[in-house]
2 protein chains.
Amino acid sequence: MKIGIIGLGLIGGSLGLDLRNCGHIIYGVSRQEKTCQRALERGIVDYASINIDSLATVDIVFVCTPIGLISPTIQKLTPHLKSETIITDVGSVKSSVVNECEVLWTNFVGGHPMAGTAEQGVEAAQKNLFKNAPYVITVTEKTTKNSIKILEELAQSLGCVVHTCSPEIHDQAVAWISHLPVMISASLIAACVGEKEKTVLELAQQLASSGFRDTSRVGGGNPELGVMMAQYNKTALLQALDSYRHQLDQIREYIYEERWDSLEEILIKTQKKRSPFIKTQHNS
Amino acid sequence: MKIGIIGLGLIGGSLGLDLRNCGHIIYGVSRQEKTCQRALERGIVDYASINIDSLATVDIVFVCTPIGLISPTIQKLTPHLKSETIITDVGSVKSSVVNECEVLWTNFVGGHPMAGTAEQGVEAAQKNLFKNAPYVITVTEKTTKNSIKILEELAQSLGCVVHTCSPEIHDQAVAWISHLPVMISASLIAACVGEKEKTVLELAQQLASSGFRDTSRVGGGNPELGVMMAQYNKTALLQALDSYRHQLDQIREYIYEERWDSLEEILIKTQKKRSPFIKTQHNS
């Protein structure tokens, strides 16, 4: 298959490495000449160009740009494509992207391969990044069966576990398990460094250990990524935040009223209910 | 030095192993005959007894019982001790413990060696558990200089980094970096399993990865321990929870009002301010 990839960073580059390894011919597009050069040198692509019209003959295009550029990129791309070409994206938020893009191209299907590292750029691209990772494919009334089938087969060839659902269900699920944790974790750090006695802050910094380290990890991550989540998944994230605050208030009330049995009941539940979320291990 | 240890579980047992290794004579006390037997077999103690009067001749006693039993244990212990014997505890909350105990015994000094594993009991005791761990020694107007000095030297011989402060400062610091994380992490799990569409819950469980795993870890821990923190450190924990909720509300407001620059400012701050809390690595 001839496969186009626009954006040759961590995700686009890693897709190129694995898909090329499967025997496909990879046409890469980057805005930077030197990224094209590196992608060729690293064996990520067979051909690379800064011109989007170089994708005129491909069968499917993966748009691997930042979320805000997906729809503008597709607008520039479509005049050059044959009508049966499939366009997909790899954005981590789907409703807003899919809504915009499926009116631009009939054979558009939204996707979200849920893998990553803390690194960025073409040098960060790596083989087998997607092995055992979930690959969400979004389905709407407009999505063509053929585009779902082709993307599903490609995702499986990467070693991904494919999930299909509506863009809205995807966005709610990732709000809960990915975007909400960032906000509550960031709030922890912000509260810990907030106004307090200097001796308390300094001692807290000295005494902090694995509990603080783990709970604060995602809140200390890439700020742009955090804003992006909030910006493009606002509705679902706000809903999750409100429900979270309700739970927090419940716990606070039990402590305030010294209802230790009720507090223990919650903590017994949270101990028990955590495991279904952590049985699957993958990079993300 | 002759050292008494009451409670031969993870902390008491590990103290025994290391202090005995330093050349001290260890007198262990447990409520269970079979724990005494195992402590002797494992080389944790030189002598072991279920009778507290076996500690009549020791120079210092480490009370390593659960927090609620520290003061009752000291009440039973004091009639058997010589007046210059030092009593210390290893409780993870200090104000309430120290307030109660320092009126029971002149040479009482509160302590908190901040090390641990997920295991409990005499079989969990291990050598070098305290290496590089913080050891907080609490100082009040009533604390004698000699008892601070002796405990400090013993803590240093375990490889601990000693911090001295008031019980109140200790409790505030651990509320921020240890007890607050448990409550916010438990709230995350509780919110994620709370009322929502079944398809969203199931997909969330499938898609959850390292971000959710880390942020939810301490909230999925030992429920009794969580209740104990809240029970004995209520004031400081409520204060931390209120300040945390204020931060969370701030973030929620920025998202709701689409003030992306303000949100990014917070996330830039939390990314930068996390590192002073995580430079020290130890088991706890």
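Me: Which residues of helix H7 (residues 198–207) of chain A are buried?
Reply: This is a predicted model, where local features need pLDDT of at least 70 and side-chain atom pairs count only at pLDDT 80 or more, while totals for chains, interfaces and linings use all residues. Residues are numbered from 1 along each chain as its sequence is written, while chains are lettered from A and ligands numbered from 1 in the order in which they are written. Helices (H or I, at least four residues) and strands (E, at least two) are DSSP runs numbered from the N terminus, and a residue is buried if 20 or more other C-beta atoms, placed from the backbone, lie within 10 Å of its own (exposed: 12 or fewer; partly exposed: in between). In H7 of chain A, the buried ones are A:Val200, A:Leu203, A:Ala204, A:Gln205 and A:Leu207.

Me: What in chain B helps cover the buried residues of H7(A)?
Reply: Contact here means C-beta atoms, placed from the backbone, within 7 Å. Chain A's own contribution includes helix H6 (167–192). From chain B, the cover includes strand E8 (134–138), strand E9 (161–165), helix H6 (167–193) and helix H12 (275–278).

Me: What kind of axis relates the two copies?
Reply: Copies are superposed by least squares on C-alpha atoms of residues with pLDDT of at least 70 in both. Chain A lands on chain B after a rotation of 180° with 0.0 Å of shift along the axis, at RMSD 0.0 Å. The copies are thus related as by a two-fold rotation axis.

Me: Which residue of chain A comes closest to the rotation axis?
Reply: Start with how the copies meet: 100% of chain A's interface residues are also interface residues in chain B, so both use the same surface. As for the axis, the C-alpha at 2.1 Å, the closest in chain A, belongs to A:Thr215.

Me: How far apart are the C-alpha centres of domain 1 and domain 2 of chain A?
Reply: An automatic or database domain assignment sets the bounds, splitting chain A into domain 1 (2–165) and domain 2 (170–278). Ten residues of domain 1 are in contact with seven of domain 2 in chain A. Between the two C-alpha centres, the distance is 33 Å.

Me: Is A:Ala48 buried or exposed?
Reply: A:Ala48 sits in strand E3 (residues 47–49) of chain A. Its contacts, leaving out residues up to four places away in sequence, are A:Gly28, A:Ser30, A:Cys36, A:Ala39 and A:Leu40. Because 23 other C-beta atoms lie within 10 Å, A:Ala48 is buried.

Notes
Two residues are in contact if their C-beta atoms, placed from the backbone, lie within 7 Å.
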